[in-house]
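Hello,

Here is the structure you are taking over. Please open it and keep it in view while you read the notes below.

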Amino acid sequence: MKSKVYITRKLPAEIVDKLSSHFHVRMWQEEDVPVPRNVLLKEIEDVDGLFCLLTETIDEEVLTKAPSLKVISTLAVGYNHIDIQAAARKGIVVTNTPGVLTETTADLTFTLLMAAARRVVESSDYLRNGDWKTWSPMQLTGQDIYGATIGIIGLGRIGEALVKRAKGFDMNVLYYNRTRKPEKEQELGIHYATLAELLQQSDYVCLLLPYSPEVHHLIGEKELALMKRNAILVNTARGGIVDEVALYHALKDGQIWAAGLDVFEQEPVPVDHPLLTLPNVVTLPHIGSASIQTRTNMANLAADNLVSVLNGNKPLTPVISK
């Protein structure tokens, strides 16, 4: 008898066909609308595998409704939307999609850094709004990138990929990581710093660490006060790592110079969010991995994880409960 799989968002036909060749597949048929909670709770009752997105909260209530569930495969690297401990207690395997989005997310991180530094969005709006009347010496001047100091918080795969981009601009690279990596310091030509040292010395601070309760509001009022007045904060990790109220005040009061944000504590971010009112903030709708090839690769890996586990084999990229 074929196993049953539920997919929480409409996927490309090639991914659905791959899964359908192995399993009985049901799928929420909307591409841009998350599956309603009540629908998810009903659909999961008899499935063996779940293919989900970070828009679904897979908590104890969901898991209790799914006595047959063996594997949860999320189309994301982050997995803070899943209760990993509860899944482990129930013997449910959880998988994610690391590795395949490394370079794409590093590209987007550096894009945000450059856009914030050179006031790209603000300057485009200036032109489109008809405000460009003349040229003046200090008009829309930004910050230099070449030769500046970048501080990377979280030296995982994406952090290492960002180092390579920064080195192309001859930047001085500092990093802070829970575990120091001397071999990477030698290999990449980077320097370890404490969090306080990194914040004090960096012209650009880039957040690339996974979210956990331990790093909630890692960057708050105290940390922002340590940063240079010309510093730029870039977050392509998770919104909860930054205290957005403190960041708003730091940006509004000129305590730091600018920010580039791909993630927010609440997503989608409300259009009346205070940060969206500031000209020195570049904002994006969580598109760190949003290239056609990368998203396709992520979906294939998520599907392959389901196939492997439900066919009695080991997961390809398991999330380990801590």
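**The seven-stranded sheet**

Seven strands make up an open sheet with parallel pairing, and their order is E8-E7-E6-E9-E10-E11-E12. The edges are held by strand E8 (191-192) and E12; each has a single partner strand, so one side of each is left without a neighbour in the sheet. Please keep in mind that this is a predicted model.

As background, the strands of a sheet pair through backbone hydrogen bonds, and the pairing is either parallel or antiparallel. Here, strand E6 (residues 149-153) and strand E7 (residues 172-176) run parallel and are joined by five bridges. If you want a place to look, Ile-150 stands opposite Val-173 in E7. Helix H7 (residues 157-168) lies across E6, E7 and strand E9 (204-207), and it runs at about 175° to E6.

Further along the sheet, strand E10 (residues 232-235) runs parallel to E11, and four bridges join the two. Leu-233 has Ala-259 in E11 as its bridge partner. In a regular strand the side chains alternate between the two faces of the sheet. In E11, Ala-258 and Gly-260 point one way, while Ala-259 and Leu-261 point the other way. Are these residues of E11 buried or exposed? All of them are buried.

**The five-stranded sheet**

There is also an open sheet of five strands, again with parallel pairing, in the order E2-E1-E3-E4-E5. E2 and strand E5 (93-95) are the edge strands, and each of them pairs on one side only. From one strand to the next, the twist averages 15°. Strand E4 (residues 71-74) pairs with E5 in the parallel sense over three bridges; Val-71 has Val-93 in E5 as its bridge partner.

Helix H1 belongs in this part of the description, since H1 lies across E1, E2 and E3, running at about 145° to E2.

Which residues of helix H1 (residues 13-20) are buried? They are Ile-15, Val-16 and Leu-19. These residues cover an arc of only 95° around the axis, which puts them on the same side of H1. The buried residues of H1 pack against strand E1 (4-7), strand E2 (24-27), strand E3 (49-52) and helix H12 (292-310).

**Cysteines**

How many disulfides are there? The count comes to zero. Two of the residues to look at here are Cys-52, which is buried with a relative accessible area of 0%, and Cys-206, which is also buried at 0%.

**The loop between H6 and E6**

Gln-139 is found in the loop between helix H6 (120-128) and E6. At a relative accessible area of 22%, Gln-139 is partly exposed, because buried means under 20%. Setting aside its neighbours within four places in sequence, Gln-139 is in contact with Tyr-126, Trp-132 and Thr-134. Its side chain makes a polar contact with the side chain of Tyr-126 (3.1 Å). A polar atom of the Gln-139 side chain also lies 3.0 Å from the backbone oxygen of Thr-134. Gln-139 and Ser-123 are 16 residues apart in sequence, and their C-alpha atoms are 9.5 Å apart in space.

Leu-140 lies in the loop between H6 and E6 as well, and it counts as partly exposed at 23% relative accessibility. Its backbone deserves a look: Leu-140 has a positive phi of about 55°, although it is not a glycine.

**The loop between E11 and E12, and one residue beyond**

His-273 sits in the loop between strand E11 (258-261) and strand E12 (281-283). With a relative accessible area of 13%, His-273 is buried, because that value is under 20%. Which side chain does the side chain of His-273 meet in a polar contact? It is that of Glu-244, at 2.8 Å.

Pro-268 is found in the loop between E11 and E12 too. The peptide bond from Glu-267 to Pro-268 is cis, with omega near -5°. For context, most residues other than glycine have a negative phi, and most peptide bonds are trans.

Finally, His-286 lies in the loop between E12 and H12. His-286 is not a glycine, yet it has a positive phi of about 55°.

Regards

Note on methods:
Residues numbered from 1 in each chain as written. Predicted model: local features only at pLDDT ≥ 70, side-chain atom pairs only at ≥ 80, totals over all residues. Heavy atoms only, no water. Buried < 20%, exposed > 50% of the residue type's maximum accessible area, 1.4 Å probe, protein only. Polar contact = N/O pair within 3.5 Å; in protein donor to acceptor, adjacent residues only side chain to side chain. Pairing = 2+ DSSP bridges. Contact = heavy atoms within 4.5 Å. Axes fitted to C-alpha atoms, helices over the stretch in contact; angles between N-to-C directions. Disulfide = S-S within 2.5 Å. Arc of directions from axis to C-beta.
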